[in-house]
Amino acid sequence: MFNVEMYKGSRQENYELVKKQLQALLHGETNQIANLSNTSALLNQFLDRINWVGFYLMDENNELVLGPFQGLPACVRIPLGKGVCGTAAKKMETVRVEDVHQFPGHIACDAASNSEIVIPLIKDGKLLGVLDIDSPEKSRFDELDQEQLEEFTAILVNHL
């Protein structure tokens with residue numbers, strides 16, 4: 001079902017296809033861990049030039065805690081307002097960073113990461129967590145990635 005060879009259209013067409021795949025993958029499943037796990041696997045397969053994709057989830061202490069992901073082991077806890085993930089969570093808006101080494105307070109979980117995009121997961125005005133994607137390339141993520149990944153996460157949030 002998720003053959004990378006399927007992604008041969010324009011970037012926009014490929015994003016439309018992966019959003020449809022996400023809807024099919026989540027259809028009828030209500031378990032949050034299962035849905036987040038499959039979503040991170042789908043993005044890991046779909047996105048090129050990335051080295052980490054996964055979720056940090058809000059816990060009862062109002063802190064981000066590592067959730068399902070694909071990639072090397074990662075930082076387990078991130079306070080709100082700290083690093084790219086904590087900043088996106090605190091602001092409740094997407095943060096796209098062209099060079100993480102220039103980001104004040106960047107938390108280096110993987111020294112190979114050079115750019116990052118973090119999209120908050122918001123449901124009924126409440127922050128559930130964030131989707132975090134890292135790349136070893138500087139300036140890997142652009143406006144199209146941000147727009148499409150925000151739409152992608154909106155689909156996901158409807159199943160959380």
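Biologist: How many residues lie between strand 5 and strand 6 in their hairpin, and which residue in the turn has a positive phi?

Modeller: Two residues lie between strand 5 and strand 6, and Asp124 in the turn has a positive phi of about 50°. The model is a predicted one, in which local features need pLDDT of at least 70 and side-chain atom pairs count only at pLDDT 80 or more, whereas totals for chains, interfaces and linings use all residues. Residues are numbered from 1 along each chain as its sequence is written, and side-chain values use heavy atoms, with hydrogens and water left out.

Biologist: How do you know that strand 5 and strand 6 count as paired?

Modeller: Strands are DSSP runs of E with at least two residues, helices are runs of H or I with at least four, and both are numbered from the N terminus. Two strands pair if DSSP finds at least two bridges between them, and strand 5 and strand 6 have nine, in the antiparallel sense. One of the bridges sets Ile119 against Leu131 in strand 6, and Glu116 has Asp134 of strand 6 as its bridge partner.

Biologist: In what order do the strands stand, and what makes strand 3 and strand 4 edge strands?

Modeller: Six strands form an open sheet in the order 3-2-1-6-5-4, with antiparallel pairing. Strand 3 (77-79) and strand 4 (95-97) each have a single partner strand, so one side of each is left without a neighbour in the sheet. From one strand to the next the twist averages 25°. Strand 4 meets strand 5 over three bridges, and Arg96 has Ile117 of strand 5 as its bridge partner. Strand 1 pairs with strand 6 over six bridges, with Val53 opposite Ile133.

Biologist: Why is strand 5 called mostly covered, and how does strand 6 fare?

Modeller: A residue is buried under 20% relative accessible area, exposed over 50% and partly exposed in between, using a 1.4 Å probe and protein chains only. By that cut-off seven of the nine residues of strand 5 are buried, and in strand 6 eight of its 10 residues are buried.

Biologist: Why does Arg140 count as buried, and what is in contact with this residue?

Modeller: Arg140, in the loop between strand 6 and helix 4, has 7% relative accessibility and therefore counts as buried. Contact means heavy atoms within 4.5 Å, and, leaving aside neighbours within four places in sequence, Arg140 is in contact with Leu47, Asp48, Arg49, Ile50, Ser115, Ser135 and Asp145.

Biologist: Why are helix 2 and helix 4 called roughly antiparallel?

Modeller: Two packed helices are described by the angle between their axes and the distance between the axes. Axes are lines fitted to C-alpha atoms, for helices over the stretch in contact, and angles run from 0 to 180 degrees between N-to-C directions. Angles under 35 degrees count as roughly parallel, over 145 as roughly antiparallel, 65 to 115 as roughly perpendicular and the rest as oblique. The axes of helix 2 and helix 4 come within 11 Å and cross at roughly 155°, and this pair is therefore roughly antiparallel. Their contact is made by Asn35, Leu36, Thr39, Leu42 and Leu43 of helix 2 and by Leu149, Phe152 and Leu156 of helix 4.

Biologist: What classes of residue make up that contact?

Modeller: Ala, Val, Leu, Ile, Met, Phe, Trp, Tyr, Cys and Pro count as nonpolar, Asp, Glu, Lys and Arg as charged, and the others, Gly among them, as polar. On that scheme the contact of helix 2 with helix 4 has six nonpolar, two polar and no charged residues.

Biologist: How do you know how helix 1 is oriented with respect to helix 4, and which hand does their crossing have?

Modeller: Helix 1 (residues 11-26) packs on helix 4 at an angle of about 15°, with the axes 10 Å apart, and the two are therefore roughly parallel. A crossing is left-handed if the near helix is turned anticlockwise from the far one by less than a right angle, and right-handed if clockwise; helix 1 passes helix 4 in a right-handed crossing. Among the residues in contact are Tyr15, Leu22 and Leu26 of helix 1 and Leu149, Phe152 and Ile155 of helix 4. By class, this contact has nine nonpolar, three polar and six charged residues.
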